[in-house]
Amino acid sequence: MTIVRVALPLPLPQVFDYAASDASAADIGRCVKVPFGRGERSGLIVALDAEAEVDLARLKTVHHIQRDVPPLPADWLELVAFVARYYHAPIGEVVALALPPGLRRADGVSGEDEDPLLEIAPAGHAALGAARRPSKALALLQALAQDLAPWRRSVIREREGGEAVGELLRRGWLGVAVDEAQRRGTTGALPVLTDEQDGAVRAILQTGEGFRTWLLQGVTGSGKTEVYLRLAEQMLSRGRQVLMLVPEIALTPQLERRVAQRFAAANVVSLHSGLADGARSRGFVQALSGHADIVLGTRLAVFAPLPRLGLILVDEEHDASYKQQEGVRYSARDVAVWRGRQRDVPVVLGSATPSLETWYHARAERYALQVLNQRAVAASMPTVRCIDVRRLKLDEGLSPGLKAAIEQRLARGEQSLVFLNRRGYAPVLSCPSCGWVSRCPHCSANLVVHLADRRLRCHHCGCDGGIPHACPSCGNQDIQPFGRGTQRIEARLAELFPQARVLRVDRDAARTRKQWESLLATIAEGGADILVGTQMMAKGHDFPKLTLVGVVGADASLHAADFRAPERLFQQLMQVGGRAGRGTLPGEVLIQTEYPAHPLYLHLARHDFDAFARMELQERRSAGFPPFTYQAMLRADAPALDDAVEFLRHARRLAEERAPEGLRIYDPVPMRMTRLARRERAQLLLEADQRGMLQGFLAGWVALLYCQRTARELRWQLDVDPLEV
DNA sequence: AGCACGCCGACT
DNA sequence: GTCGGCGTGCTC
């Protein structure tokens, strides 16, 4: 009889032993169903065991081992173990987050869905030539005939009328393309590389296939993606797999299209949380079996098993969405770098505005650096200018200068974008006579006025209600929305420029992926003259007719409490500024500010990220912030603030008893947003100058915390390398 | 996390 | 007399 060690998706820091008569070493890494308590659970075999760690009498027997799918390889188990160790999370929870849910359930996976490479068969050509009654199938075939063959079945399915692909196969009009391996490679004419792009590609390839982390720092429009594609092409031609991470699902479709077009014959698999269970499992299994050539996905894709891995690309590496903000708070970018080292393959981190951690590593020569300063498209960098609004009379937040600039664009038939990182009509509704403000009943936040659908809404917990006609406290009829959001700016712009088509692009207007894509299409077709948008608009999209970006209300982040606020502001402004003038028309960025001489804006105006980074790092060094120190944050939440704080005080005492020299333990404090969704939150910060020392301490401390019995309504979690402090 | 067991208040 | 509150402890 064999004893297997099983990781189960529970918040427990242990694994469980089971008996399995027919198990062997070949089953390590396989999913299992096991009896647990009085029910059944699915888990993963992480090891075989010579002897059980519990009495044999307590040992239960595995119900089922899933053998239809190849086992997860040893390096994958190692990766999961590393994440559990580094983030101090139970191994089972990491397995649960790394494995697609459908796969873990181990209930007869549909098997690997073949995604064959198809081309038009002789019968198909005959059908095209013959006079036939129009049909859906024929229409699809005709559309395909206009295209460059071959295509993946899945790619055809996604195009217009793609449902008919099954019909085409049944009729024998489409057949499996011959000689798949030989077709692997690029199709069509490749764009000519700039000298910088070419230099970067050569440099990265020349260092060989071993591990090395690269920072590819390229201004918006410098063609980082083309560099990724060239590197990927090389790796594919060597028979290796490529892992490409992108920040958000919203960005995957267009990149997916571009990658699929470039490597028409390669098997490109996308992995993100928006996928249905089945599709995610299939993509994962394709990666695992080595049938996927390129895995393109969001942070969870960093866990895709890749037997032939040759290269890891992390696009927009500074993006906060790489860090999971709940449960196991891993950073996919950091995990990617660890994985590159583990598998001895290069890792390329790309960004126009790298995180200061990455930038610092590159300067300290722990990472190698490649810089792209020229825009690949025939456009120059936009002019960036501050509008000093201290002595100006603003019209609903808009300065005369910005209005004039918009007017000019309208006259020239170009597009303008007003960037404002605040959704809704106004951030608060308030009564001028008694001082009442629209507070959220569940959070320490104000309810935001949404005039578009006449609601007051909390942006943190999502609760909402109608807009009262009089002050709920004193009955005053004259209650006022204070401040400005995108809806208000949109309304004012529509009044000011009645002839213009004003389009608002924020999370409210682009609720679903469909809405978002239709907005993008409208903009690209020139169906809008003035855009009002939040940071959604900052993400990599090209609008050739967009030549003006007006920034409103940026000053707020200048004095934010979070030490990373300036970094985020600079990144955001540089990104949104990069939207201006990506075609042949020159772009202009106008920033409305009360601090026109602020160094952040001055560096921005010169497009000098490096100067900004140097300045900011100087401050971080003297203040003792990351990347010069290492942090971990213990957070607790409960219905009553005292309970959360009391737990943290207790945790602090436990920490002090065993703290090594040089570990700094701060006082528990309520979080900045103390109350969220009826729970009060507090946090305790730990800091050290060496990562190893902090990690060593955390291991023992967290083990101790798991043993503490706490009130049922109290939750706690540890955040290693927290983004928000 | 679930889900048991287990000991004290208002109900058919 | 019981249904049910959630405190405590276990799950291979």
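Two residues are in contact when heavy atoms of theirs lie within 4.5 Å. With that in hand, this predicted model can be toured in four stops, starting with a small group of cysteines.

Cys431 sits in the loop between strand S19 (428–430) and strand S20 (448–450). Leaving out its neighbours within four places in sequence, Cys431 is in contact with Trp436, Cys471, Cys474, Asn476 and Ile479. Its relative accessible area is just 1%, so Cys431 counts as buried, the cut-off being under 20%. One of its partners, Cys471, belongs to another loop, the one running between strand S22 (464–466) and strand S23 (480–482). Cys471 is buried too, at 4% relative accessibility. With residues up to four places away in sequence set aside, Cys471 touches Cys431, Cys434, Trp436, Asn476 and Ile479. Trp436, Asn476 and Ile479 thus turn up in the contacts of Cys431 and again in those of Cys471. An unreviewed UniProt entry lists Cys431, Cys434, Cys471 and Cys474 under "binding site". These four are spread over 44 residues of sequence, yet they cluster in space, with a largest C-alpha distance of 8.6 Å.

Next comes DNA strand C. There are 13 residues around this strand, and Asp17, Phe36, Arg58, Lys60 and Arg712 come nearest. Of the strand's atoms that come within 4 Å of the protein, 60% belong to sugar and phosphate. A few individual approaches can be picked out. Arg712 uses its side chain, placing an N or O atom 3.0 Å from a sugar or linking oxygen of DNA strand C. Gly37 uses its backbone instead, with a polar atom 3.3 Å from a sugar or linking oxygen of the strand. For Pro35, a backbone N or O atom lies 3.5 Å from a phosphate oxygen of DNA strand C. Two elements give two or more residues to this surface, namely strand S2 (16–20) and strand S3 (31–36). S2 gives the most, with three residues. Sorted by class, the surface near DNA strand C holds seven nonpolar, five charged and one polar residue.

Glu226 makes a third stop. This residue is found in helix H10 (residues 224–237). Although its side chain carries a charged group by class, Glu226 counts as buried because its relative accessibility is 5%, where buried means under 20%. Its side chain makes a polar contact of 2.9 Å with the side chain of Arg230. A second polar contact, at 3.5 Å, joins the side chains of Glu226 and Arg258. Arg258 also appears among the contacts of Glu226 beyond four places in sequence, together with Pro191, Leu193, Gln197 and Arg262.

The last stop is helix H1 (residues 74–87). H1 has 14 residues and reaches 20 Å from its first C-alpha to its last, close to the 20 Å expected at 1.5 Å a residue. Many positions along H1 can be named as buried: Trp76, Leu77, Leu79, Val80, Phe82, Val83, Ala84, Tyr86 and Tyr87. In an α-helix there are 3.6 residues a turn, so residues three or four places apart point the same way. The cover over the buried residues of H1 includes two strands, S4 (39–49) and S32 (715–720), along with helices H2 (91–98), H12 (277–289), H13 (332–343) and H22 (691–707). Just after H1, His88 takes a positive phi of about 55°.

Key. Residues numbered from 1 in each chain as written. Chains lettered and ligands numbered in written order. Predicted model: local features only at pLDDT ≥ 70, side-chain atom pairs only at ≥ 80, totals over all residues. Heavy atoms only, no water. Near = heavy atom within 4 Å. Polar contact = N/O pair within 3.5 Å; in protein donor to acceptor, adjacent residues only side chain to side chain. Helix = DSSP H or I, 4+ residues; strand = E, 2+ residues; numbered from the N terminus. Buried < 20%, exposed > 50% of the residue type's maximum accessible area, 1.4 Å probe, protein only. UniProt positions renumbered as here; feature names shortened; annotations may be inferred. Expected span 1.5 Å × (residues − 1).
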